[in-house]
Amino acid sequence: MADILQTLILGLALGGVFALMGSGLSLVFGVMRIVNLAHPVMIIAGAYVAYWGFKLYGIDPLVMLPVAIVILAVIGILLYKLVFEREARSAKYSEMTVLLTFAVAMIVEGALGGLFTNTQRVTSPAYATDAIFIGDVFIPTGQLYAGILSLVIIAGLALFLKYSRFGYAIRATTQNREAAELLGVNVSMVALVSFAIGIGLAGAAGSLVSFVFSFFPAKHWEWIAVLMSLVVLGGMGSLLGTVVASFLLSVIAAFVGTYIGATWSTMTFFLALFLILLVRPQGLFGEKPELA
Amino acid sequence: MKRAIWTVAGLMSVSMLALGASAQAAEPLKIGASLPLTGGFSIAGTKHQQGYELCVDTINERGGILGRQVELLVSDNRSDPATAINQYERFINVDGVEAVYGTFSSRLSFPVASILAKNNMVHALPAGGALRIYTQGHKNIFYFQPNAAEYVGASLAGVIADLVPEGEKPKTAAVVSADDFFANGVWSGLMGEKVMDPADGSLVRDLAPGYLAENDIEVVFSERWPEEGYSDWLNLANQVKRSGAELIVGLTASAEEAVQLTRALKTVRAEPKLVYFSQGTQAEYLEGTGSSAEGVLVHTSWHKDAPFESVLAGEPFSNTDFVAAYQEKFGAVPDEDAAIPFAVCQGIEQAIIGAGSTDNTAMGKWLSERTKENPVRTILGRFNWDELGLPANKPFLMTQWNDGELQFVYPTDEFEGVSAMSYPKGSF
């Protein structure tokens, strides 16, 4: 019983981190139909912000989190203006952005490698390798803090989207871009701000990732498939779906790792992606696409 | 008049030939290296580039090889075997390199070995310890680490037999490993598995009963994690802890994996007697793990304090010289990922000088004729090879992290300066 409970806790702990890693990706797709393959490399960039704050000034990664959000959000604004804005009205926008974001990912990876070398890094606040033990069962404090903060940030974002005026505009644009524009929504501004928020969320995730996983510039290639499987399973563009999928898949992967084998735990994410595309392509919380 | 014209023409021809010969002599000697500068192996690949560059720069400062400056061509293979193959083909058939340096990792070296053999190039490997690479029948293949991965376990067995007091030796082991070419080789040796040839399924070596069984150590937990994308380290560490194993063997394929596993073992509060990892000598391992690294054993091919004497450009060049030169150029203390490629570069240089040309057949012959008394001398020590291309009678160094320093603890009779091994490990 203790084994089952422990596995559940470890799965949930990992799920919290994945939820934040995937939420920015989901938001950007939901509002702008950008399949942002550069999202994981932005998480790495956020992790570097936290790392240097910790390394040079001893600042806790949790304290560096807002700094990483701001820096990455500014990078997001510049990136949107330079790369994505011009083609925003193209009929092939989504398809084009796959290639564009792939190129951005490679450029950012190269830039990070040039700036910080390809050496692997990790921040080491005391709680990162500590745990709360209750009998035989333990809760890793690093993942616990990261998971709680992830949920707080995602809840804050959800409240912003639901109750703020700008949140209405974002949701309206997500549902129907043309209709929102006809009703007076400045969709260009909505897209810009949404992209900045999405990349800012990558910065936040990076701060948390910096003490949960070690990282280096090329690490993002390992994450993209996992994050895509979370977002697709949850329903592309659905924030709630991404959170549910993150917890669900992480818990399943933890049980697979414990009772079947570590090799198969990673496969869980890809198998889920395969199955959901076969059975329910719109994902758990996505809307069925309308037929033309 | 006619004779004078012929005389002048003759003189001009001789002059032009001389000029041509001189121009050829001045032509740089191109050497190619395809390295994983991006992708999963980028950390080690970047250090390999530094090792090669430092060696080539030093050779050039000392007058080059056979009077010719060396031009190093490095291409990024993105940690992809197919790209590595294409780049070596390009080096040989388009860029006209006269020699090559090997790439990093068994996964890339295995297919590259066939291409270099097909083109009759000397293949000096800085990394590529899987035994299967050397049993393909390739000639001119020379490994610049002490032995194949399958035999790494001999050093761990030696440590347990010689350094751990009787009655305190670990009796149970948890063996966890990356599903990686090199790590799988070490696993086979420890667990006593059969090594098969992937091409025809034939038996390469039967390693039964394995180094652990030979030392009466029972394996109570074993698990492999996938080569890429694994993130469930706490779960794995928890299973290791719950197995109650006294010896933890972590066949990590990179320093990054060693960091993840060490931190996870600390989090779950594992308390083994002995811990051995196959990667973790790098400075970033210590940075990522801090005091948790204390007591962790890691095998290595090189150590900064090893008193190896070697030659470079015909002059003495010690291991200490290498450490100083590396620190001056890159501002950091080197680790084996930079030292091993440096030794490869030394080996190729000595082969060219020994053969008197860049004829790779002659270079290969010269290298294969090296003996214990007349070896290749590198900062990794002396090298001569058996018929497979594996070094003869060269033990791995076993190192241990103690007081924030990587100290070499085994073998104890190789050279002076061996530190006492701390035992038992206890908590992380």
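**Exercise 1. Determine which residues Asn184(B) contacts beyond its neighbours within four places in sequence, and whether Asn184(B) is buried or exposed.**

*Solution.*

Step 1. The model is a predicted one. Once neighbours within four places in sequence are set aside, the contacts of Asn184(B) are Ser177(B) and Asp179(B).

Step 2. Next, locate the residue in the secondary structure. Asn184(B) belongs to helix H6 of chain B, which covers residues 181–191.

Step 3. Then count the surroundings. There are 22 other C-beta atoms within 10 Å of Asn184(B). A residue is classed as buried when 20 or more such atoms are found. Asn184(B) is therefore buried.

Step 4. Finally, compare sequence with space. Val195(B) is eleven residues from Asn184(B) in sequence, and their C-alpha atoms are 9.9 Å apart.

**Exercise 2. Establish which strands pair with S6(B), and why S6(B) is described as largely enclosed.**

*Solution.*

Step 1. Strand S6 of chain B spans residues 172–178. Six of its seven residues are buried, so the strand is largely enclosed by the rest of the structure.

Step 2. One partner is S9(B), joined to S6(B) in the parallel sense over seven bridges. Within this pairing, Glu218(B) of S9(B) stands opposite Thr172(B).

Step 3. Another partner is strand S10 of chain B, residues 247–251, which pairs with S6(B) in the parallel sense over five bridges. Here Ala173(B) has Leu247(B) in S10(B) as its bridge partner.

**Exercise 3. Place S6(B) in its sheet: state the order of the strands, and which strands stand at the edges.**

*Solution.*

Step 1. The sheet is open and has seven strands, in the order S9-S6-S10-S11-S12-S17-S18 of chain B. Its pairing is mixed.

Step 2. At the edges stand S9 and strand S18 (405–410) of chain B. Each has a single partner strand, so one side of each is left without a neighbour in the sheet.

Step 3. From one strand to the next, the twist averages 25°.

Step 4. The helix of Exercise 1 returns here. H6(B) packs on this sheet and touches S6, S9 and S10 of chain B. The direction of H6(B) makes about 155° with that of S6(B).

**Exercise 4. Describe the sheet of chain B with the order S2-S1-S3, and identify the helix H3 that packs on it.**

*Solution.*

Step 1. This open sheet consists of three strands of chain B, and the pairing is parallel. As general background, strands of a sheet pair through backbone hydrogen bonds.

Step 2. The edge strands are S2 (70–76) and S3 (99–100) of chain B, each of which pairs on one side only.

Step 3. Strand S1 of chain B, residues 29–35, is joined to S2(B) by seven bridges. For Leu35(B), the bridge partner in S2(B) is Asp76(B).

Step 4. Helix H3 of chain B, residues 81–95, packs on the sheet and touches S1, S2 and S3 of chain B. Its direction makes about 170° with that of S1(B).

**Exercise 5. State how chain B is divided into domains, and which residues of domain 1 face domain 2.**

*Solution.*

Step 1. The domain assignment gives domain 1 as 24–146 + 304–383 and domain 2 as 150–300 + 396–410 of chain B.

Step 2. The centres of the two domains of chain B, taken over C-alpha atoms, are separated by 28 Å.

Step 3. Contacts join 19 residues of domain 1 of chain B to 20 residues of domain 2 of chain B. On the domain 1 side, helix H4 (106–118) and helix H12 (336–355) of chain B each supply at least two residues. H4(B) gives the most, with three residues.

Step 4. By class, this side of domain 1 of chain B has eight nonpolar, five polar and six charged residues.

**Exercise 6. Describe the side of chain B that touches chain A, and state how the radius of gyration of chain B agrees with that of a compact globule.**

*Solution.*

Step 1. In chain B, 33 residues are in contact with 32 residues of chain A. Among the elements that each supply at least two residues to the chain B side are helix H2 (42–61) and strand S9 (218–225) of chain B. The largest share, seven residues, comes from H9(B).

Step 2. The classes on this side of chain B are nine nonpolar, 15 polar and nine charged residues.

Step 3. For 428 residues, a compact globule would have a radius of gyration near 22 Å; chain B has 24 Å, which agrees. Of these 428 residues, 55% are buried.

Terms used: Residues numbered from 1 in each chain as written. Chains lettered and ligands numbered in written order. Predicted model: local features only at pLDDT ≥ 70, side-chain atom pairs only at ≥ 80, totals over all residues. Pairing = 2+ DSSP bridges. Helix = DSSP H or I, 4+ residues; strand = E, 2+ residues; numbered from the N terminus. Contact = placed C-beta atoms within 7 Å. Axes fitted to C-alpha atoms, helices over the stretch in contact; angles between N-to-C directions. Rg over C-alpha atoms; globule rule 2.2 N^0.38 Å. Buried ≥ 20, exposed ≤ 12 C-beta atoms within 10 Å, placed from the backbone. Nonpolar A, V, L, I, M, F, W, Y, C, P; charged D, E, K, R; others polar. Domains from an automatic or database assignment.
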